[in-house]
Structure formats: C-alpha cells, structure tokens
Amino acid sequence: MASHYEAPIRRPLVTGEKSYHDVTVDVARPIEGKANKSWWIVFSISLVAFLWGIGCIIYTISTGIGTWGLNKTVGWAWDITNFVWWVGIGHAGTLISAVLLLFRQKWRMAINRSAEAMTIFSVVQAGLFPIIHMGRPWLGYWVLPIPNQFGSLWVNFNSPLLWDVFAISTYLSVSLVFWWTGLLPDFAMIRDRAVKPFQKKIYSLLSFGWTGRAKDWQRFEEVSLVLAGLATPLVLSVHTIVSFDFATSVIPGWHTTIFPPYFVAGAIFSGFAMVNTLLIIMRKVCNLEDYITVQHIELMNIVIMITGSIVGVAYITELFIAWYSGVEYEQYAFLNRATGPYWWAYWAMMTCNVFSPQFMWFKKLRTSIMFSFFISIVVNIGMWFERFVIIVTSLHRDYLPSSWTMFSPTFVDIGIFIGTIGFFFVLFLLYSRTFPVIAQAEVKTILKSSGQRYKNIRERGDSLVGTGADARTSVLKLPKETAESHLTVDNSDKINNLLSSIGSFDAESETADDLKRISGVGPKMEEALNSIGIFTFLQVSKMTKREYDLLDEITGLFPGRAERDDWSGQAKNLLN
C-alpha cells in the first residue's frame, strides 16, 4: 500500500503532446495553405443561398413589404422571429469570451475566438431584418437621434424598438473591439511567418504594430479585462431589451415580467448550441481535434443542459401564471398555443428545447460528437420555433373573432431567411481562411498545465532529461553505452552493497517477476533494475531508506521516486 495519495491530474485541454511550435503551425495552416475540397463545397452552397437572399431582398425593396406574408392582424412574424433568433445566437460568443475570462476558465481559450466571430456575424444578420422591414432602408438613419431633413422629427425614446438600436449597436461595437484586441498577437504571428510581401504588409497593418514586448502584453491583459467587464453586463442587457419589445405591450401572452430572464437564458441556450454546431464542423474541416477536444464539447453540452432546464422552468411558469391570474384572455392565449392551429409549432418548441437537452445528463451521450452535433441543431430549430410561437400565436387571434387570421410565409420570407444563413456561413468560412481560428498565444499558456505529458513519460519509465524545450537540458542525456558502463563499472561497489542487503537473484532456481506491476516502474526503470540484478518482488520488498538512496545514486533515474511511491510496500502486497 502506497504511503501517500497521488492526486489525479486534470484532463489535458490540448491533446497530442503539442509543443509551442506545433501550436503555431497548426493555427497558421488554414491561412497559409490552400482550402480543401470540403471548404469549397460548403462555401459554394453558402454563397448560392446568400445570392438567393440578396435577390429576395432586392425584390422586397423594389416591390414593397406586401411581398411578405404579413397581414393586418399579424403585423410582425417571420422578420421579427428571425431578428430575435439571430440576436440570441450572438450571445454565446461574448459569454464565452468575457464572462469565462473573468472567472478564469481555461477551457474557453481554444473556442473563444470562433465564438466571438460568431457573435459579430450573427448580430450583422439580426440587424438586416429591422432595416429591410422599414420598407425604405435608405431612410434607416431616422432611428438615430440626429437632426434630419424634417428638422423637428425625433425618435421616440420611450419605445423599446429604439432601445434595441442602442443596445445592439453598443453590443456589436464592444464585441468587435474585444474580438480584434484578442487577435493582435495572432495577426503578428501570421505577419512574422508571411513570405509574400503583400501578405506581410496586410497582417502588419492588422496587428497594429504588435511586437510582443512585456509592455504590449501588460496592456493586452489590462484592455482584455476592461472590455470583458464592459461586455458582461451587455450579455444580460441586450436580450433583456429585446424582450421588452414584447413585455412592455398589453397583448395577452406578451405582457409578463418573466420575459427578461427567460429571454437571456434562451439566448445563451441557442448561442451555445450554435457554437457547438460550428466547432464540431470546424474541428474536422481544419484538423483541430487536438485543440477543440471532447472535453470542450462536453462542457458546452453541460451549459446547454442547464440553460435548457431554465427555459423549461420558464415555460411552466408562464403556464402557471396565466392560470393563476384568472384573466381569461391570458388563459386562452396559452391554451391556443398548445391546442390551436399552430399546435405543431408549440409542441416542436417543447420537444426541442425542454426534452432534448435532458439527454445531456448521460455522460456517454454528452461526450458523443455526433449526438452533440445532432442536439445542437435540434436546439436551434426549437429556439426558432419558440420565437415564432411567442409572436405569431399571440397575434393571429385577438379580442375580435372577426379579425382572426393565419400567417403563412411566402417564398420571399423564406428566401431572405435562408439568405441570412448563407451570408453567415460565407462570413464564417472566409474568416476561417484569413484569421487565426484559435487564440494560439492563450492556448500556449495551458499546454503544460495538466502535466499529462510528463506523467506519461514518468509512467513509461523514460527520463525527463531532454524532454523540455530548453536546449540546456536537451544535451544532458547520456548515450546508451555510457549509461551501461556507468551502471556496471563506476557503481560496482554500490551495486554489491545494495544486493547484499536485498539478496541476489538466481536465474536457475528463481523466476523473474514483472516489476512493471509496481506503480512508478516503467519499461525503462525495469531495464535499469534488471541491469543492477533486481528481478523479483522479494528483492524490492526488502528495500528501506538506505537501499532507496543507493538505488538513486546508481541509476540517477527519478530521484526519490522509489521511496515516494513506496515500492517496498507495493512489492509486499504483490507477494501476498
């Protein structure tokens, strides 16, 4: 029995025993190399979808909003559904980068760059819908509180729609600066590796003169913390203000105080699902399995499971409050959602958002790449249905049955939505080919934090000499012949002294034991023990402090290891 407890070493966040140089090469490869076939296929499909969306937008602007499926009763539908959906997806990037940075969560370092990019691109898609919905997007600047050609025409500061403009523009600005600040060391790395003068010039401009001095890193850390502190309340405020679009009205199904926290949880829920979708694809296409590991996927699945459960509680709370209020219009609004003409959308929402994340309670499922990918898509479908149900089912039936109607999207509605999805993936794919997709400087800080590489070397029985990056330790490894002569000639007196205490091995009458069964004895150590004349558990069991010290002096391998791991006690247990 060992005389001490060896704490389990944390699972490595970067696998493959990567060196600093390996990280640099792996991060730079997608930028410096040529795009593979998979990239071109996905990019072509995304570009076609984007061009189709552009055509639908041009048709809408030239013809009018009447090309959409909106009517007098359902004045908001497909457009605002997609707006809220895209804003929600953009939440996870800032959460992963800012909140997890403040909490010093190291697992964020390999995924935060792509999550931040996803935030920027998602908010861009979200902003398109209100602009198109104006009907005259060239007058979009009217939503800003600046003088215009009508002189006294000012925006309504009491409107949550205006609050959206302020909140989302602020969120986009801070997220963009936060993203770009983190990219500076990586741009400098690409600049220094660039061979073509034009590429070197471009990345030199993008890196803002980064030199890697201590002062640069100090400012980098300070600015990152300040921006994280600014961005964290934005994570909560942006979707809270989006929820006010509904909560400040008096329409049954919308007029509720639970919307702000409910919308924020739902945004984080859908955002993490989209991050999972993108990272699972990217780790395969860009060969980043050693950086975006199953552990990262599992941790994000846990967040999805928690936020999905919060969303489920919000759904149940909504139903309870509608019943408890005694207001028949509120009660009917929720009854109509579950049993009315749009029942299929309501139950799709419940299935995707409440039931599907509960599978993540099982470790085998939340560590499965294919299952995680499937659930991430299911969750995003469910969150789109949630916004659709909230908006359409609350509007299509009001107090007057004579004004009841149904909403059906036209090909223009669907085309613009698909176009934004294509635009999003076009931007993301171009980003993956021009920007470093992993924060290589941050990943390098956690390469050895787990100690797994050194534990593996120790368990194999190999020497740690020469395994570091420092050249001063890489030249000290003795040749095999020198090591053997060192054991057999220079230490002959010490070997005889050791064997006189623990006994000699007789090959004719005794059988050698597998010394590797002793914890801490690997193939290399077993070979060293055999060269001394130690072959059995019985010999090892007789060791004391004196013999341990002699063994360390003879072998020079892992000083103190035998005593620390209590080889003698282990050998006695194996004999019994």
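**Pocket, cavities and helix H10**

Me: Which helix gives the most to the lining of the largest pocket?
Reply: Helix H5 does, with 8 residues in the lining of the largest pocket. Please bear in mind that this is a predicted model, in which local features need pLDDT of at least 70 and side-chain atom pairs count only at pLDDT 80 or more, while totals for chains, interfaces and linings use all residues. Residues are numbered from 1 along each chain as its sequence is written, and side-chain values use heavy atoms, with hydrogens and water left out.

Me: What counts as a helix or a pocket here?
Reply: Helices are DSSP runs (H or I, at least four residues), numbered from the N terminus. On a 1 Å grid over the protein atoms alone, a pocket is an open set of points with protein on both sides within 12 Å along at least five of seven lines, a cavity is a set where a 1.4 Å probe fits but cannot get out, and lining residues have an atom within 4 Å of a point.

Me: What volume does the largest pocket have, and which residues sit closest to its centre?
Reply: Its volume is about 740 Å³ (the space filled by probe spheres set on grid points joined across faces, edges and corners). Of the 27 residues that line this pocket, Pro130, Ile131, Met134, Leu161 and Val165 are the closest to its centre. At least two lining residues come from each of helix H3 (78-89), helix H5 (112-133) and helix H6 (160-193).

Me: Switching to the cavities, how many are there?
Reply: Searching the whole structure gives 5 cavities of 30 Å³ or more. The largest holds about 150 Å³ of space, and the second largest holds about 60 Å³.

Me: Which residues line the largest cavity?
Reply: The lining includes Ser38, Trp39, Met282, Cys286, Phe425 and Phe428, and helix H2 (37-63), helix H9 (259-285) and helix H15 (411-434) each supply at least two of the lining residues.

Me: And which ones line the second largest cavity?
Reply: Among them are Tyr262, Tyr315, Glu318, Arg337, Tyr346 and Ile390. The largest share, 3 residues, comes from H10, although helix H11 (328-339), helix H12 (343-355) and helix H14 (369-395) also supply at least two residues each.

Me: What span should H10 have?
Reply: Helix H10 (residues 294-325) has 32 residues, so at 1.5 Å a residue its expected span (1.5 Å times one less than the number of residues) is 46 Å, and its end C-alpha atoms are 46 Å apart, which agrees.

Me: What comes just after H10?
Reply: Glycine 326 follows, with a positive phi of about 75°.
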